[in-house]
Amino acid sequence: MKPNFDQVVDRKGSKSIKWDPGVIREIYGAEDLLPLWVADMDFQAPAEVIEAMKEEVSHGVFGYSKRGESYYENIIRWYKKRFNWEIKREWLVFTPGVVSGLNYVLQAFVEKKEGVIIQEPVYYPFKKVIENNGCRVVNNPLICHQGTYEIDFEDFEKKARDPDTKLFILCSPHNPVGRVWKKEELQRLGEICLANGVLIFADEIHHDLVYEKGAHHIFADINPRFDDIVITATAPSKTFNLAGLLSAHLIIKNAGLKRRLRQVLEKNHIGKQTPVSMAAVEAAYGKGEPWLEELLNYLQENLRFIETTVKENLPKAKFTPPKATYLAWIDLRDYGLSDKELEKKLTEKGRVALDGGSWFGRGGEGFVRINFACPRRTLGEALERIIEAIEEE
Ligand SMILES: Cc1ncc(COP(=O)(O)O)c(C=O)c1O
């Protein structure tokens with residue numbers, strides 16, 4: 001069945017965090033805002049996924065459950081088909097989310113006060129997780145050159161050389177700046193980490209949402225020399241809009257790393273899943289590819305829509321379309337507003353809920369992040385409100 005991404009699904013009162021008035025009030029101090037913040041989509045999951053879940057529900061018995069062979073096979077086939085990456089069943093480790101996976105990785109491999117490199121502006125829970133685990137945030141800020149972000153390798157090497165630096169969280173593709181890293185860039189990062197004994201947590205949760213075919217390189221697959229220092233973290237949650245099902249997976253080739261992580265997971269009794277989420281994930285990877293292709297087309301049209309609307313109506317804004325993700329990172333610095341003023345305008349005048357750029361750390365000030373995984377009508381309304389709020393005197 002062909003998906004209809006133009007269909008507006010009412011998510012109010014549907015347990016959605018993004019649309020919950022209480023959550024919105026707590027964060028933005030107002031209630032009836034149009035939400036384009038949290039990174040999930042306002043689209044229904046593939047019909048095949050919904051069907052598989054219904055079938056599972058109709059069985060009616062929801063006892064302790066175990067992943068079947070076909071669960072593994074569908075994931076393995078997905079990576080082979082989409083990325084030509086051959087993974088083995090025993091490399092897979094399951095966690096409820098990528099962020100919870102990161103917590104367990106820190107608990108397994110990083111001692112308190114030891115350093116973890118991140119590249120700000122970046123997905124803000126990274127910093128929080130590092131701090132919550134008593135570790136030290138080591139920032140290797142990205143450099144913005146005319147709207148395109150680059151890695152400061154000299155600074156990265158200096159920070160990786162510190163013997164207290166133990167882990168690097170790679171965000172690939174990068175949220176919020178939308179970069180898809182080139183193979184040479186990844187290779188260089190990997191060489192530096194390898195030379196300095198730094199482990200890599202490659203967060204690739206957005207890697208199915210890349211607009212140019214073949215542009216994304218799975219970090220763990222670019223060089224066999226990196227096999228012993230990389231943990232790949234991903235999930236069907238962004239790809240198929242299944243974040244609420246709490247089903248992520250880590251992919252680890254090195255047996256020693258896996259053993260050490262498994263000890264932490266077992267200690268916390270982590271790794272189980274619900275039968276309904278298993279059915280959903282299996283159907284998504286097994287049958288969801290045509291839906292994903294349609295989604296990528298729709299998102300690209302949304303992206304073009306943002307590009308032309310911004311160009312025509314926000315003369316001081318700078319926007320470089322992301323190469324991946326459904327997140328638009330818009331530079332509003334030339335409006336000369338502080339982050340507080342910007343948020344006030346967007347919230348009070350525009351009545352939209354967006355992620356503020358400064359949430360993402362250094363370099364994010366004066367930017368906003370717009371989640372454009374919504375029907376065009378919703379996006380159009382949000383853009384109108386944003387333009388009115390910012391351009392109006
Ligand atoms: C880079 C990145 N990692 C992880 C997550 C969240 O992953 P999970 O819900 O599996 O913890 C997000 C969600 O926005 C993200 O952008």
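Me: Which elements each supply at least two residues of the lining of the largest cavity?
Reply: β15 (367-371) and α13 (376-391) do. Keep in mind that this is a predicted model.

Me: Which of them gives the largest share?
Reply: α13 does, with three residues.

Me: What residues line that cavity, then?
Reply: Val310, Leu314, Ile330, Leu332, Val368, Ile370, Leu383, Ile386 and Ile387.

Me: How do they divide into nonpolar, polar and charged?
Reply: Nine are nonpolar. None is polar and none is charged.

Me: How much space lies in there?
Reply: About 60 Å³.

Me: And how many cavities of 30 Å³ or more does the structure hold?
Reply: One.

Me: OK, pockets now. What volume does the largest pocket have?
Reply: About 1,600 Å³. It is lined by 49 residues. Closest to its centre are Val38, Ala39, Asp40, Ala243 and Gly244.

Me: Which elements give two or more residues to that lining?
Reply: Four helices: α2 (47-59), α4 (98-109), α5 (125-132) and α8 (237-240). The largest share comes from α5, with four residues.

Me: How does this lining divide by residue type?
Reply: There are 26 nonpolar residues, twelve polar and eleven charged.

Me: Which domains does the lining draw on?
Reply: At least three residues come from domain 1 (21-46 + 289-391). Domain 2 (60-287) also gives at least three.

Me: What about the second largest pocket: how much space lies in it?
Reply: About 550 Å³. Of its 29 lining residues, Gly178, Thr320, Pro321, Pro322 and Lys323 are the closest to the centre.

Me: Which elements give two or more residues there?
Reply: β6 (148-150), α11 (289-313), β11 (318-319) and β12 (327-331). α11 gives the most, with four residues.

Me: And how many of the lining residues are charged?
Reply: Ten. Another 13 are nonpolar and six are polar. This lining also draws at least three residues from each of domain 1 and domain 2.

Me: Switching to strands. In β2, which residues point which way?
Reply: β2 covers residues 92-95. Leu92 and Phe94 point one way, while Val93 and Thr95 point the other.

Me: Why do side chains alternate like that?
Reply: In a regular strand, side chains alternate between the two faces of the sheet.

Me: Are those four β2 residues buried or exposed?
Reply: All are buried.

Me: What joins β2 to β10?
Reply: Four bridges do. β10 covers residues 248-251, and the two strands run antiparallel.

Me: Which β10 residue is the bridge partner of Thr95?
Reply: Ala248.

Note on methods: Residues are numbered from 1 along each chain as its sequence is written. This is a predicted model: local features need pLDDT of at least 70, side-chain atom pairs count only at pLDDT 80 or more; totals for chains, interfaces and linings use all residues. Side-chain values use heavy atoms; hydrogens and water are left out. Buried means under 20% relative accessible area, exposed over 50%, partly exposed in between (1.4 Å probe, protein chains only). Two strands pair if DSSP finds at least two bridges between them. On a 1 Å grid over the protein atoms alone, a cavity is a set of points where a 1.4 Å probe fits but cannot get out, and a pocket is an open set with protein on both sides within 12 Å along at least five of seven lines; lining residues have an atom within 4 Å of a point. Grid points are joined across faces, edges and corners, and a volume is the space filled by probe spheres set on the points. Ala, Val, Leu, Ile, Met, Phe, Trp, Tyr, Cys and Pro count as nonpolar, Asp, Glu, Lys and Arg as charged, and the others, Gly among them, as polar. Domain bounds come from an automatic or database domain assignment.
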